[in-house]
Amino acid sequence: MNGPIVSIARELGFEGDPILEGLVVSIFIAGAFIGSLSCGSLVDKLGCRRTFQIDTIPLILGAIVSAQAHSLNEILLGRFLVGLGIGVNTVLVPIYISEVAPTKYRGSLGTLSHIGTCLGIIFSLCLGIPAEHDPHWWRTMFYIASMPGFLLALGMQFTVESPRWLCRVGDMKDAQTIIRNLWGDSEVDKAIEEFQSIISNDGTDVNSRWMQLLEEPHSRGCIKVVSFLDVLS
């Protein structure tokens with residue numbers, strides 16, 4: 001939003017109002033906050049693979065609504081929807097990597113995910129350069145921003161489900177097949193036992209409080225997540 005915000009404000013009638021300009025940018029964070037909180041429930045009910053595909057709906061719809069916006073309310077709605085999708089993805093990607101990737105590849109895949117994010121930010125900044133000369137370029141930018149959502153929805157159709165989630169819902173056969181194909185025969189029994197142990201302990205820590213997120217050492221992680229979302233916005 002750094003590049004086209006001036007053009008957007010001028011065309012939609014709030015140019016020179018720093019509060020509204022800031023709101024258009026920061027509403028993304030509000031959507032991401034709600035999306036990140038809802039991710040756990042979605043994964044528990046639908047699994048990682050289906051959650052990824054459903055998550056593309058606000059990503060695609062939000063970008064298209066933003067591209068076609070003709071009022072402040074419409075651009076706010078579009079930005080909020082995109083924030084919802086990004087909030088879910090921010091939580092879901094590391095979960096999926098940790099539950100699907102073999103141990104020796106998890107660090108590399110996590111690094112690759114962050115590299116992809118950084119490249120996406122650089123690409124978006126470069127994409128905003130024509131906005132300095134074309135006052136309507138920002139609409140094209142948002143249309144382009146919807147394309148990764150389509151690619152993600154299509155790509156997840158060819159990926160595997162989390163074996164941990166399959167164990168959780170009782171589909172042991174598919175879980176064993178996925179572990180065998182990805183991790184090797186020697187890891188099947190060990191992984192299934194580990195997953196079952198984790199699942200059996202879910203919900204046992206009933207004394208946990210949301211306010212603990214603001215206490216050390218968890219608060220440092222929360223600050224990093226907020227900073228990361230601020231960069232994405």
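Trainee: Why does cysteine 126 count as partly exposed?

Mentor: Good place to start, and keep in mind that this is a predicted model. Cysteine 126 has a relative accessibility of 44%. Buried means under 20% and exposed means over 50%, with partly exposed in between, so cysteine 126 counts as partly exposed.

Trainee: What makes cysteine 39 buried?

Mentor: Its relative accessible area is 0%, and buried means under 20%. Cysteine 39 is therefore buried.

Trainee: How do you know that cysteine 39 has no bond to the closest cysteine sulfur?

Mentor: That sulfur belongs to cysteine 48 and lies 7.7 Å from the sulfur of cysteine 39. A disulfide needs the two sulfur atoms within 2.5 Å, so this pair is too far apart for a bond. A search of the whole structure finds zero disulfides.

Trainee: And why is methionine 1 counted as buried?

Mentor: Its relative accessibility is 16%, and the cut-off for buried is under 20%, so methionine 1 counts as buried. Methionine 1 sits in the segment before helix 1. Its C-alpha is 9.9 Å from that of glutamate 21, 20 residues away in sequence.

Trainee: Why are helix 5 and helix 6 called roughly antiparallel?

Mentor: They pack at an angle of about 155°, with axes 11 Å apart. Angles over 145 degrees count as roughly antiparallel, and therefore that term fits helix 5 and helix 6. Their crossing is right-handed.

Trainee: Which residues meet there?

Mentor: Phe123, Ser124 and Leu127 of helix 5 meet Trp137, Met141 and Ile144 of helix 6. Five of the contact residues are nonpolar, one is polar and none is charged.

Terms used: Residues are numbered from 1 along each chain as its sequence is written. This is a predicted model: local features need pLDDT of at least 70, side-chain atom pairs count only at pLDDT 80 or more; totals for chains, interfaces and linings use all residues. Side-chain values use heavy atoms; hydrogens and water are left out. Axes are lines fitted to C-alpha atoms, for helices over the stretch in contact, and angles run from 0 to 180 degrees between N-to-C directions. Helices (H or I, at least four residues) and strands (E, at least two) are DSSP runs, numbered from the N terminus. Angles under 35 degrees count as roughly parallel, over 145 as roughly antiparallel, 65 to 115 as roughly perpendicular and the rest as oblique. A crossing is left-handed if the near helix is turned anticlockwise from the far one by less than a right angle, and right-handed if clockwise. Contact means heavy atoms within 4.5 Å. Ala, Val, Leu, Ile, Met, Phe, Trp, Tyr, Cys and Pro count as nonpolar, Asp, Glu, Lys and Arg as charged, and the others, Gly among them, as polar. Buried means under 20% relative accessible area, exposed over 50%, partly exposed in between (1.4 Å probe, protein chains only).
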